[in-house]
Amino acid sequence: MEALGVLGDPTRRTIFETLAAGPLSVGELAKRLPVSRPAVSQHLRALKEAGLVTDRSVGTRRIYQVDPTGVAALRAYLDQIWGDALAAFKEAVESDGPDDERKHT
Amino acid sequence: MNTQDLTIPAVNRTVTVNATVERAFSVFTGSFAAWWPDAHHINPNGYEAAFIEPRVGGRWYERAPDGTECDWGTVLAWEPPHRVVLTWQLNGEFEYDPDPDHASEVEIRFTSEGPSRTRVDLVHGKLERAVGAAALAAGIGGEGGWNGLLRRYAELIDGRDLTAIG
């Protein structure tokens with residue numbers, strides 16, 4: 001499960017987040033995002049291999065959605081939350097002037 | 001899928017900060033609200049601050065501007081300045097789930113790497129409990145569960161629906 005590295009790509013992350021809002025076809029995704037259809041397909045393949053999205057056929061179309069079992073999605077989501085949080089923590093701990101140990105008990 | 005038998009690899013994150021281990025621990029726990037990204041909260045009434053009560057059994061919770069509070073979890077281990085363990089009790093709908101069987105766990109370790117340098121290792125594990133809870137509550141593939149959470153998250157990122165999230 002390499003969900004985390006896969007979401008490091010900003011375009012892939014946008015596609016994933018767009019699908020989190022609801023299932024879409026490749027064409028619909030390409031229409032909504034500033035990404036070509038072949039590029040969308042390529043990113044979807046990577047997302048699918050990472051277990052983040054699944055697809056199904058509806059008539060002639062292929063519909064993509066966030067993996068409903070949610071395992072990889074959950075991990076990726078939490079990883080992103082903690083990544084954001086620790087970056088903000090680092091900034092706070094380093095920006096607040098010299099070491100202040102008074103608060104520590 | 002039998003969620004009882006499922007084990008999900010923990011989420012691991014590490015950051016190294018230019019601060020003493022004491023200060024790193026103090027800012028992480030005592031000034032939690034000062035750095036926690038306010039986009040990540042659950043109360044529909046909005047977000048003002050979040051807190052970790054400094055003791056085993058203490059609450060980890062957020063407060064809205066109107067004073068209402070939402071729990072996130074509980075302090076399982078409190079070992080300043082080196083280690084703190086919290087339960088994460090938010091379900092797939094991003095609501096507090098009081099059932100301890102559904103709680104995942106966040107362990108944060110602070111290790112001194114020099115006079116003013118600290119490595120912070122964060123492990124968010126026991127994730128299968130949370131997934132089990134989400135799957136149980138929403139049914140796999142339903143509109144609830146992690147899809148619901150991710151949808152809200154996507155809305156938040158897009159700034160499409162901030163009022164609904166808070």
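**Exercise 1.** Place I52(B) in its chain and decide whether I52(B) is buried or exposed.

*Solution.* Step 1: I52(B) belongs to strand β2 of chain B, residues 49-52; strands (E, at least two residues) and helices (H or I, at least four) are DSSP runs, numbered from the N terminus. This is a predicted model, in which local features need pLDDT of at least 70, side-chain atom pairs count only at pLDDT 80 or more, and totals for chains, interfaces and linings use all residues. Residues are numbered from 1 along each chain as its sequence is written, while chains are lettered from A and ligands numbered from 1 in the order in which they are written.

Step 2: I52(B) is buried because 23 other C-beta atoms lie within 10 Å (buried: 20 or more; exposed: 12 or fewer; partly exposed: in between; C-beta atoms placed from the backbone).

**Exercise 2.** Which residues does I52(B) touch, not counting those up to four places away in sequence?

*Solution.* The contacts are T29(B), F32(B), G58(B), W60(B), V75(B) and L86(B) (C-beta atoms, placed from the backbone, within 7 Å).

**Exercise 3.** Describe how helices α2 and α4 of chain A cross.

*Solution.* Step 1: The axes of α2(A), residues 10-20, and α4(A), residues 37-49, come within 10 Å and cross at roughly 80°. Step 2: Therefore α2(A) is roughly perpendicular to α4(A) (65 to 115 degrees). Step 3: From α2(A), the contact uses T11(A), R12(A), I15(A) and F16(A); from α4(A), V40(A), H43(A), L44(A), A46(A) and L47(A). Step 4: Among the buried residues of α2(A) are R12(A), I15(A) and F16(A).

Conventions:
Two residues are in contact if their C-beta atoms, placed from the backbone, lie within 7 Å. Axes are lines fitted to C-alpha atoms, for helices over the stretch in contact, and angles run from 0 to 180 degrees between N-to-C directions. Angles under 35 degrees count as roughly parallel, over 145 as roughly antiparallel, 65 to 115 as roughly perpendicular and the rest as oblique.
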